Amino acid sequence: MKLSPDLLKSLKLQEAAAQVTTKSLDRLPVLISERALTETTGKLAGSVNADFSSGTRVSSATFSMPRKGFGPRPVTVLSGRDRALFDALVDRLRPALPSESRGTENWAAFSKFGLPQDEASPKYVVSIDIASMYEYVDHQVLKRELLVQTLDRPSVEAIIDLLGEAFGFARGLPQMTSSSDLLGDVYLGILERELLRQGYELARYADDFRVLAQSWGEAHRIIEHAAEAARSIGLVLSSEKTTVRLASTLREDEDALQALVEKYFKEAMADLTVFDDVMDWYGEPGEIEIEPTEPEALHEAFRRLLLDWTTDPRDSGVPPRLVSKAIRSLGPASTRINDDVLAQMVWIDPLKLSSIIAYFSRRSDEAVENLKSLAKLAAMERQSPWGKIWLLSAAEASIIDDSAEWTALRDWVVAQLKDEHEIVRAEAAWVLAGWDSLPEHHLGDLFGRATRITRPGLAAALGRSGASQSTSLTKSIIGASPLFKAAHEWGSKADAPGA
């Protein structure tokens with residue numbers, strides 16, 4: 001892929017490089033190959049300019065993460081260099097594109113859309129969801145829409161060429177980036193406009209639509225129109241998540257959720273209330289009621305909620321989003337969540353692992369307990385590459401001791417050096433380098449198998465391992481690229497995990 005010098009000069013590559021090296025992909029920690037370039041964003045921006053002005057190949061990797069429904073979700077990510085270019089190109093188009101559908105305020109408005117306000121309110125709400133939307137975005141359809149919206153042919157063609165090289169065919173968007181989220185909104189705007197032309201009242205948040213209908217028949221016509229419009233741009237509706245519901249049921253669900261939270265909170269308040277004997281020196285001994293503080297009651301309520309959900313997730317009535325909130329909110333609680341409960345949460349819903357890792361970080365003063373919990377989670381057999389990346393990020397922050405748990409965790413990390421996904425291998429190498437457990441010959445093998453996606457991280461791991469700069473491996477790596485040399489220097493200054 002080759003771009004004109006004028007186009008590259010117009011892009012804010014330095015800002016994009018700074019974002020790539022400090023801001024994580026959605027639902028992932030910042031990867032070591034991006035972190036390692038934090039102090040050299042100028043060189044990263046220069047690499048984008050030099051490589052793409054002379055011509056280069058786009059690098060991408062695909063791994064799986066858990067999905068709320070059936071089966072894993074394939075996730076495609078770009079190398080740090082290529083993501084910087086992608087973000088800079090999209091940012092150039094951003095002012096001419098419609099505002100993004102995501103955001104806290106937008107979610108609040110979307111979640112209330114369709115709730116009945118009076119007797120004249122529409123009776124039905126059609127919920128429409130697109131199946132695997134990011135995987136099926138047609139690049140030529142996206143190109144036409146971007147050209148109509150922006151009239152910026154050089155930037156649009158550069159984005160489409162980049163996507164084509166990243167995926168190897170004319171479909172798909174990289175996941176977990178705000179740039180892809182914006183392009184996804186542009187793409188779904190085609191479907192949204194078609195439904196609006198039919199006269200329907202609707203709201204959209206990402207790829208979730210809510211459309212109002214006055215009758216059962218109209219609701220099903222909406223689904224038919226949506227299915228046809230989606231098919232015309234290469235998308236299909238999710239049969240599992242596309243539903244017709246009474247608007248009154250949505251209101252009842254909202255009220256039930258609020259009642260559920262209040263129920264747990266009130267029960268916790270009541271059970272935590274204690275009676276203290278108080279001596280009245282001027283009369284008979286008496287009793288006064290001492291209520292718990294609201295944070296104490298809230299923590300107890302969340303604890304009970306998690307216990308009920310892990311015991312019977314279907315009959316508990318607890319929605320998954322409330323489970324994630326409960327896990328994170330219990331970070332400062334006085335009592336720790338039991339390891340068996342943590343493991344059961346991951347078993348029920350592997351996506352909860354990221355919330356559990358965040359829970360560990362909020363309890364950093366419990367280093368020994370965190371290590372034991374982490375070792376138990378790492379020992380679980382059902383692990384996606386996404387889950388391994390999160391476990392490795394937590395392992396980096398764990399203490400180093402002579403316990404059986406640390407030995408088991410170290411052995412697990414060593415095993416990840418043989419994982420089929422290079423991102424997992426690079427994260428494992430970084431952790432082991434900090435533990436002084438990464439032989440140099442392993443790094444040489446890993447670097448030889450790696451692509452541009454993880455080589456900066458492996459160069460950082462080499463620096464962290466303390467290998468002499470006079471060795472042939474070190475010379476060959478830091479001499480291959482100014483970025484690798486900078487990453488190596490950054491890694492050599494990194495603190496040891498748990499220090």
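The largest cavity in this predicted model has a volume of about 90 Å³. Its lining comprises 13 residues. Nearest the centre of the largest cavity lie Leu31, Ser33, Glu34, Ile423 and Ile453. Helix 3, strand 2 (73-78) and helix 19 each give two or more residues to this lining. By class, the lining of the largest cavity holds eight nonpolar, two polar and three charged residues.

The count of cavities of 30 Å³ or more comes to four. The second largest cavity has a volume of about 70 Å³. Among the residues that line the second largest cavity are Ser33, Glu34 and Ile453, which are also listed nearest the centre of the largest cavity. The lining of the second largest cavity further includes Leu37, Leu44, Ser79, Gly80, Arg81, Arg452 and Pro456. Leu483 and Phe484 belong to the lining of the second largest cavity as well. At least two residues each come from helix 3, helix 5 and helix 23. Six residues of the lining of the second largest cavity are nonpolar, three are polar and three are charged.

Helix 23 spans residues 482-492. Both Leu483 and Phe484 are buried residues of helix 23. The other buried residues of helix 23 are Ala486, Ala487, His488, Trp490 and Gly491. The cover over the buried residues of helix 23 includes helix 3 (32-35), helix 4 (41-54) and helix 19. Helix 20 (440-449), helix 21 (455-464) and helix 22 (472-478) also contribute to that cover. At the start of helix 23, serine 481 places a side-chain oxygen within 3.0 Å of the backbone nitrogen of leucine 483.

Open space was examined next. The second largest pocket holds about 500 Å³ of space. It is lined by 24 residues, of which Gln19, Asp87, Arg94, Ser178 and Ser179 are the closest to its centre. Helix 2 (13-22), helix 5 (80-93) and helix 9 (178-197) each give two or more residues to the lining of the second largest pocket. Helix 5 supplies the largest share, five residues. The lining of the second largest pocket divides into 12 charged, six polar and six nonpolar residues.

The protein chain as a whole has 23 helices and eight strands. Its C-alpha trace spans about 85 × 65 × 40 Å along the principal axes. Of the 499 residues of the protein chain, 52% count as buried. Among contacts with a separation of 6 or more, 73% join residues 24 or more positions apart.

In soluble globular proteins, nonpolar side chains tend to be buried together. Here, the largest nonpolar core has 151 residues. The residues with the most contacts inside this core are Leu85, Leu142, Leu306, Met345, Leu377, Trp386 and Val413. Helix 19 (residues 422-434) gives the largest share of this core, nine residues. Apart from this core lies another, of 10 residues. Val125, Tyr205, Leu212 and Leu250 are among the residues of that other core. With its neighbours within four places in sequence left aside, methionine 345 is in contact with Leu306, Trp309, Thr310 and Ile327. Ile337, Lys352 and Ile356 are also contacts of methionine 345.

Three loop residues complete the description. Glutamine 214 lies in the loop between strand 5 (208-213) and helix 10 (216-232). Its relative accessible area is 49%, so glutamine 214 counts as partly exposed. Leaving aside neighbours within four places in sequence, glutamine 214 is in contact with Ala120, Ser121, Pro122, Lys123 and Tyr124. Between the C-alpha atoms of glutamine 214 and serine 33 the separation is 53 Å. These two residues are 181 residues apart along the chain.

Arginine 27 is placed in the loop between helix 2 and helix 3. Phi of arginine 27 is near 70 degrees, a positive value in a residue other than glycine. Arginine 27 is partly exposed, at a relative accessible area of 38%. Leucine 151 occupies the loop between helix 7 (139-150) and helix 8 (153-167). Phi of leucine 151 is also positive, near 60 degrees, in a residue other than glycine. Leucine 151 counts as exposed because its relative accessibility is 75%, over the 50% cut-off.

Terms used: Residues are numbered from 1 along each chain as its sequence is written. This is a predicted model: local features need pLDDT of at least 70, side-chain atom pairs count only at pLDDT 80 or more; totals for chains, interfaces and linings use all residues. Side-chain values use heavy atoms; hydrogens and water are left out. On a 1 Å grid over the protein atoms alone, a cavity is a set of points where a 1.4 Å probe fits but cannot get out, and a pocket is an open set with protein on both sides within 12 Å along at least five of seven lines; lining residues have an atom within 4 Å of a point. Grid points are joined across faces, edges and corners, and a volume is the space filled by probe spheres set on the points. Helices (H or I, at least four residues) and strands (E, at least two) are DSSP runs, numbered from the N terminus. Ala, Val, Leu, Ile, Met, Phe, Trp, Tyr, Cys and Pro count as nonpolar, Asp, Glu, Lys and Arg as charged, and the others, Gly among them, as polar. A nonpolar core is a set of buried Ala, Val, Leu, Ile, Met, Phe, Trp, Tyr and Cys residues joined through side-chain atoms within 4.5 Å. Buried means under 20% relative accessible area, exposed over 50%, partly exposed in between (1.4 Å probe, protein chains only). Contact means heavy atoms within 4.5 Å. A polar contact is a pair of N or O atoms within 3.5 Å; within protein, one must be able to donate a hydrogen and the other to accept it, and residues adjacent in sequence count only if both atoms are side-chain atoms.
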